[in-house]
Amino acid sequence: MPARPAPRLRADVSQLPRYVPGRAAPSDRVDKLSSNENPYPPLPSVVAVMREELERVNRYPDPANGALVTELSEALAVPPEHLVPGTGSLGVTRDLLRAAAGEGDEVLFAWRSFEAYPQLAWANGATAVQVPLREERHDLEAMADAVTDRTRVIIVCNPNNPTGTAVHRDELEHLLDRVPGDVLVVLDEAYREFVDDPDVPDGIEVYRERPNVAVLRTFSKAYGLARLRVGYAVAHPPVAAALRACAVPFGVSGLAQAAARASLNAESELLERVRTLVDERARVTRTLRAAGWTVPDSQANFVWSRLGSQARAFTDACEAAGIMVRPFGDEGVRITIGTPEANDRLLKIASDWRA
């Protein structure tokens, strides 16, 4: 057959910022501390509910996520119409940007932060405006200064991925006071359950008083449902309605909805695991610092060190010893908090590497 022309695609696709996930572990003998996953599987009660739901996978899920919305509404004390579930907080972010930012608009966020933000802005035709971190934290004054009449969305990742640092209440309120009311401010709180600093605000409380604030949360991290992809937004009705209009129908599977509901019912048990991980985060931070590492205070389920050009060498040393961590170019390394045994092995490698 004669050669046929290839489909005509966007010429700028090759320039698309790539999201680089943590690599899959090559075997069960490797400790994967590269993807900010919960190292513990779902609780038995959650697994039992998922098994029951498997018998119904021939049926489409509830497109309105009705039962999940009802239970989230009760748990968070927010009206049901303010809740919009989606395919993880990442999927909800995508839909929010579809609803709020398009060609010629700007999406503003700190950098380095979550790698998907530039990609999502680009996919919607918007311009990504990256404001450098200051001492590994959001520079909210500089972010406020960067707002223009083209700014449609500001994303505050709190705690920030990959640095783990968190914005405090007074800083956030000052930013919100400076931002025009027609600019949507998105508080990405994927790691909220790991926060133990009382000065870090609960985004739900902030949203109650600010019509232009939306909050994103997920069941992927603390609840250990990363593979099921279920998160949600809390937003005032105009934003929530626009978000629903942009969402993919049947986006959250029935299995995911059932597991999320079961996890809410088992929250006290799950939060015991979270406390264990928070205690381990403190231990890992102390031990790394004692070994000469520079590690900022983290409020997430990972720690960060700006190793610069040594990031790749340390990553390679870890992989040779059966530990996977996440390098970010020649900037630094993010290390997820794992089980105590995995953390012990990581700390041994880190101490020897620094020696």
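Here are four short exercises on this predicted model, each with a worked solution.

Residues are numbered from 1 along each chain as its sequence is written. In this predicted model, local features need pLDDT of at least 70 and side-chain atom pairs count only at pLDDT 80 or more, while totals for chains, interfaces and linings use all residues; side-chain values use heavy atoms, with hydrogens and water left out.

**Exercise 1.** Find which residues of helix α11 are buried, and explain why they line one face.

*Solution.* Start with the terms: buried means under 20% relative accessible area, exposed over 50%, and partly exposed in between (1.4 Å probe, protein chains only). Helices (H or I, at least four residues) and strands (E, at least two) are DSSP runs, numbered from the N terminus. Within α11, residues 311-320, the buried ones are A311, F314, T315 and C318. Looking down the axis of α11, we find these buried residues within an arc of 100 degrees, so they line one face of the helix; the arc is that of the directions from the helix axis to the C-beta atoms. A general rule helps here: an α-helix has 3.6 residues a turn, so residues three or four places apart point the same way.

**Exercise 2.** Work out what the buried face of α11 packs against, and what follows the helix.

*Solution.* First, take contact to mean heavy atoms within 4.5 Å. The partners of the buried residues of α11 are then β10 (323-324), β11 (326-328), β12 (332-336) and α12 (340-354). Next, move along the chain: G322 follows α11, and its phi is positive, near 85 degrees.

**Exercise 3.** Place A121 in its surroundings.

*Solution.* Begin with the element: A121 sits in helix α4, residues 116-123. Then check accessibility: A121 has a value of 0%, so it counts as buried. Leaving out residues up to four places away in sequence, A121 touches L97, V107, A126 and A128. Lastly, compare two distances: A121 and D105 are 16 residues apart in sequence, and their C-alpha atoms are 9.3 Å apart in space.

**Exercise 4.** Compare the accessibility of C246 and C318, then count the disulfides.

*Solution.* With a relative accessibility of 22%, C246 counts as partly exposed. C318, in contrast, is buried, at 0%. Now apply the rule that a disulfide is a pair of cysteine sulfur atoms within 2.5 Å. The count comes to 0 disulfides.
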